[in-house]
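Here are a few short exercises to work through with the model open beside you. Try each task before you read its solution.

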Amino acid sequence: METKVLTQEEIAQLKEVREKRIQLTENFGVLESRIQEFQIQKEILKQELKALIEKETQLGGALQQKYGNGSINLEKGEFVSN
């Protein structure tokens, strides 16, 4: 088997490519970690939204039971029946 010596330029180019690949791999890892964090935050927000919708539904039902069908003017604090 014959051994040949690479030029300094070829070695430098190969090292540069290797370093860029390592950096890209690390960047992908960081990005994936952030994506996972965002997905967790998204799930938390979805749970909060679900709880808010349930509260809104309960409040709407309680107000409808108390006042009947109609609409509410929050600015005036008034209920207007249909």
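**Exercise 1.** How many salt bridges does the structure hold?

*Solution.* Keep in mind that this is a predicted model.

- Step 1. Recall the principle: side chains of opposite charge can pair when their charged atoms come close.
- Step 2. Apply the cut-off, a side-chain nitrogen of Lys or Arg within 4 Å of a carboxyl oxygen of Asp or Glu.
- Step 3. Glu16 passes the test with Lys20, their closest N and O atoms being 3.1 Å apart.
- Step 4. Glu43 passes with Lys46, where the closest N and O atoms are 3.3 Å apart.
- Result. The structure holds two salt bridges.

**Exercise 2.** Place both pairs on the helix, then decide how Glu16, Glu43 and Lys46 are classed by accessibility.

*Solution.*

- Step 1. Glu16 and Lys20 are both in helix 1, with a spacing of four residues, about one turn of the helix.
- Step 2. Glu43 and Lys46 also both lie in helix 1, but three residues apart, again about one turn.
- Step 3. An α-helix has 3.6 residues a turn, so residues three or four places apart point the same way.
- Step 4. Glu16 has 42% relative accessibility and therefore counts as partly exposed.
- Step 5. Glu43, at 40%, counts as partly exposed, and so does Lys46, at 45%.

**Exercise 3.** What span does helix 1 reach, and what follows it?

*Solution.*

- Step 1. Count the residues: helix 1 has 60.
- Step 2. Compare the spans: from first C-alpha to last, helix 1 reaches 86 Å, close to the 88 Å expected at 1.5 Å a residue.
- Step 3. Look just past the end of helix 1, where Gly68 takes a positive phi of about 90°.
- Step 4. Now find Leu24, which lies in helix 1, residues 8-67. Together with Phe28, Leu31 and Ile35, Leu24 forms a nonpolar surface patch of about 390 Å² of accessible area.

**Exercise 4.** Is the chain more spread out or less spread out than a compact globule?

*Solution.*

- Step 1. List the elements: the chain has one helix and two strands, in the order α-β-β from the N terminus.
- Step 2. The radius of gyration is 31 Å, well over the 12 Å that the globule rule gives for 82 residues, so the chain is more spread out than a compact globule.
- Step 3. Check the box: along the principal axes, the C-alpha atoms fill roughly 95 × 25 × 15 Å.
- Step 4. Turn to burial: 0% of the 82 residues count as buried.
- Step 5. Finish with the surface: the chain exposes about 8200 Å², and carbon and sulfur atoms supply 57% of it.

Terms used: Residues are numbered from 1 along each chain as its sequence is written. This is a predicted model: local features need pLDDT of at least 70, side-chain atom pairs count only at pLDDT 80 or more; totals for chains, interfaces and linings use all residues. Side-chain values use heavy atoms; hydrogens and water are left out. Patches are made of residues with over 30% relative accessible area and no salt bridge: like charges are joined within 9 Å, nonpolar side chains (Val, Leu, Ile, Met, Phe, Trp, Tyr) within 5 Å. Accessible areas come from the Shrake-Rupley method with a 1.4 Å probe; for residues, only the protein chains shown count as cover. The expected span of a helix is 1.5 Å times one less than its number of residues. Buried means under 20% relative accessible area, exposed over 50%, partly exposed in between (1.4 Å probe, protein chains only). The radius of gyration is taken over C-alpha atoms; the globule rule is 2.2 Å times the number of residues to the power 0.38.
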